[in-house]
Every structure is written in structure tokens, then in C-alpha cells.
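Here is a short report on one protein model. It covers a hairpin, a sheet, the helices and a pocket.

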Amino acid sequence: MAKIDYVDGRKVRGKLCKKSKEVHRVRNGREQVYEMEIDPGKPSKSQKAHRSLFGATNAIVNRIMLDPEQVAIWEERMKETNRDIHPWEPPFPKRYITVREYVYDIVSKQLSQTPPMKRRKARLPLSLPRGVTLQIKTFQELSASELYEILKARFSVFVCQQQIIYLDEDNIDFLAVHFSLRRSGLVIAYARLFPEADTSVMRIGRMLTIERGKNFGKYLMAQMKEYAKSQGATKLRLHAQTQAVSFYEKLGFHTVGDIFEEANIPHVIMECRL
């Protein structure tokens, strides 16, 4: 017995003949025959991917075929491809007969080689979540409350968390440009950028993130690279703690020289060309 949906929307019970795709039902001594409407069901992930690839490819091919200049260019490419094909040699490639067939084959191959969504998202420029703002100011432009929040964040990370006993105020702040990400006025990521003796090199210092794992450090680094380029710098340099070397390597930095101690913590010099 089978319960089937039909074109007219009714549901009936009867014997299903798989060969003829019909449902037979006896009612009031009379046999009734219904043609079965096959329910395709929900498409699988592979079917969805195939349909989206088919639709995207057709859209591109249709646009190309409407342009006579593009058709002429693709026709020449097809002729060159057919000229290089040797049908008697394995893997026995096919010869293209129509331009549309050739364009469809090439475009579908290119679209199918598109990286997955995660990798495509990784290539997109980083953006800030709602409520987080970027602040780029010199020391003279900072207000007392803004400077207070910067110093509080630096003390919280370097002194309280990492237990580094050092003098944070080293007079470099007067020469530096201060990059900070703030939420409701509070600093959640920070770094300072200042020129070294060589004017083509700018140095990054006091880099920190209060809220980790949210790409705030990567966002700040991208902003500092753009700013350094605008100032004519060709190289960025920083003193990285050895535990953070892998993080900076992902951002394009490489180690220079040997490991040394700074504030009783092993560091290494790292550089990045702009």
C-alpha cells in the first residue's frame, strides 16, 4: 500500500505499480487508476552545487555569446585548441564543434576551481564588528581620557598579565602614532608606530589585544601597513616575543638575527617589506 500526492492535490491509498508509475484503488466496486506524481524530494548538497554551477556558467556564457567581438575571440581560441588536439593519443580529448560548447567547457572548469567559501572569506578585507571603532592619533591629538585608557590597557596586559616589571613611559610615545580599537571608549586592541633612525623603516611597539581571537590584531596591522606606506616607509620592524613569532609570520614578517632578552623575556627582531 502507498500514500501518494497527485497533480490534483489529493492523497489516496492504493496499490502502487512501480513499472507503470500508477496507483490502483478499488472503491465502491470500481477500480480507479491514478498517475503518480513523483516527488523529487530535497536536493542534496552535490545537486545544489551542480545546479548553482550550471546556472552561473550559463549566465556567463549567454553574456559572452551576445557580444560579437567576444565570440570572434573565443572562436579563434577554439580553433587553436582543436589544432593542438590529437584524437588518436590518450586520453583521447574531444574536438569542439561549436563556440558555445567550448566557452561553456572553459567557464565551467574555471568556476569549479573557485576556492571554497572559507578561503574566499579569508581573502576579503577585514572589517570591524558593530560598536568597535578605529582611532589613529598622534600623542598631541590624544585627549587625557584617551591616553588614560591606552596606558591602562598597556599596564593590564604587560604588567598584570605578563608580569613584566619595566618603565612603560619611555618618551617614545611623544613621537609615535597611536592605533587603537575602542568599544564604548575602552581600548580592546592597541599598537604604536614610530620612525627609527633610518627614515625608510618604521617600528611597531606595545602591540596588544584585550579581546583575543577576533582578528583585531590583524586589522590593526593592516592599518599600520597602509599608514607606513603613506609616509614613505619601505619596511616595518618590531621586537616580537618568541611565543608570538608564528602570529607575525602569518602577517608577512620574518625573523632577523638571534634571540635576545628584553625585560627578561626572550625576543627576536622581525621585519616586513611594504
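Ala263 takes a positive phi near 55° in the hairpin of S10 and S11, which has two residues between the strands. The model is predicted. Strand S11 covers residues 265-273, runs antiparallel to S10 and is joined to S10 by six bridges. One pairing can be named: Glu261 has Pro266 in S11 as its bridge partner.

**The sheet**

The hairpin strands belong to an open sheet of seven strands. Its order is S5-S6-S7-S8-S9-S11-S10, and the pairing is mixed. Strand S5 (132-138) and strand S10 (254-262) stand at the edges, each with a single partner strand, so one side of each has no neighbour in the sheet. On average, neighbouring strands are turned by 20° against each other, direction ignored. Strands of a sheet pair through backbone hydrogen bonds, either parallel or antiparallel.

**Helices across the sheet**

Two helices that lie across strands of the sheet are listed here.

| Helix | Strands crossed | Angle |
|---|---|---|
| H5 (residues 144-161) | S5, S6 (177-183), S7 (186-195), S8 (201-209) | about 95° to S7 |
| H6 (residues 216-230) | S5, S6, S7, S8, S9 (235-241), S11 | about 145° to S6 |

**A helix pair**

Helix H2 (residues 68-84) packs against helix H3 (residues 99-112) at an angle of about 85°. Their axes are 9 Å apart. H2 and H3 are therefore roughly perpendicular to each other. From H2, the contact takes in Val71, Trp74, Glu75, Arg77, Met78 and Thr81. From H3, Val99, Tyr102, Val103 and Ile106 meet them. By class, this contact has seven nonpolar, one polar and two charged residues.

**The largest pocket**

What is the volume of the largest pocket? It is about 920 Å³. The lining of this pocket has 35 residues. Phe158, Met207, Leu208, Gln241 and Tyr248 lie nearest the centre. Elements giving two or more residues to the lining are H5, S7, S8, H6, S9 and helix H7 (245-250). S8 gives the most, with seven residues. The lining divides into 16 nonpolar, ten polar and nine charged residues.

H5 and H6 thus appear twice in this account. H5 lies across S5, S6, S7 and S8, and H5 also gives two or more residues to the pocket lining. H6 lies across strands that include S9 and S11, and H6 likewise gives two or more lining residues.

Methods
Residues are numbered from 1 along each chain as its sequence is written. This is a predicted model: local features need pLDDT of at least 70, side-chain atom pairs count only at pLDDT 80 or more; totals for chains, interfaces and linings use all residues. Side-chain values use heavy atoms; hydrogens and water are left out. Axes are lines fitted to C-alpha atoms, for helices over the stretch in contact, and angles run from 0 to 180 degrees between N-to-C directions. Helices (H or I, at least four residues) and strands (E, at least two) are DSSP runs, numbered from the N terminus. Angles under 35 degrees count as roughly parallel, over 145 as roughly antiparallel, 65 to 115 as roughly perpendicular and the rest as oblique. Contact means heavy atoms within 4.5 Å. Ala, Val, Leu, Ile, Met, Phe, Trp, Tyr, Cys and Pro count as nonpolar, Asp, Glu, Lys and Arg as charged, and the others, Gly among them, as polar. Two strands pair if DSSP finds at least two bridges between them. On a 1 Å grid over the protein atoms alone, a cavity is a set of points where a 1.4 Å probe fits but cannot get out, and a pocket is an open set with protein on both sides within 12 Å along at least five of seven lines; lining residues have an atom within 4 Å of a point. Grid points are joined across faces, edges and corners, and a volume is the space filled by probe spheres set on the points.
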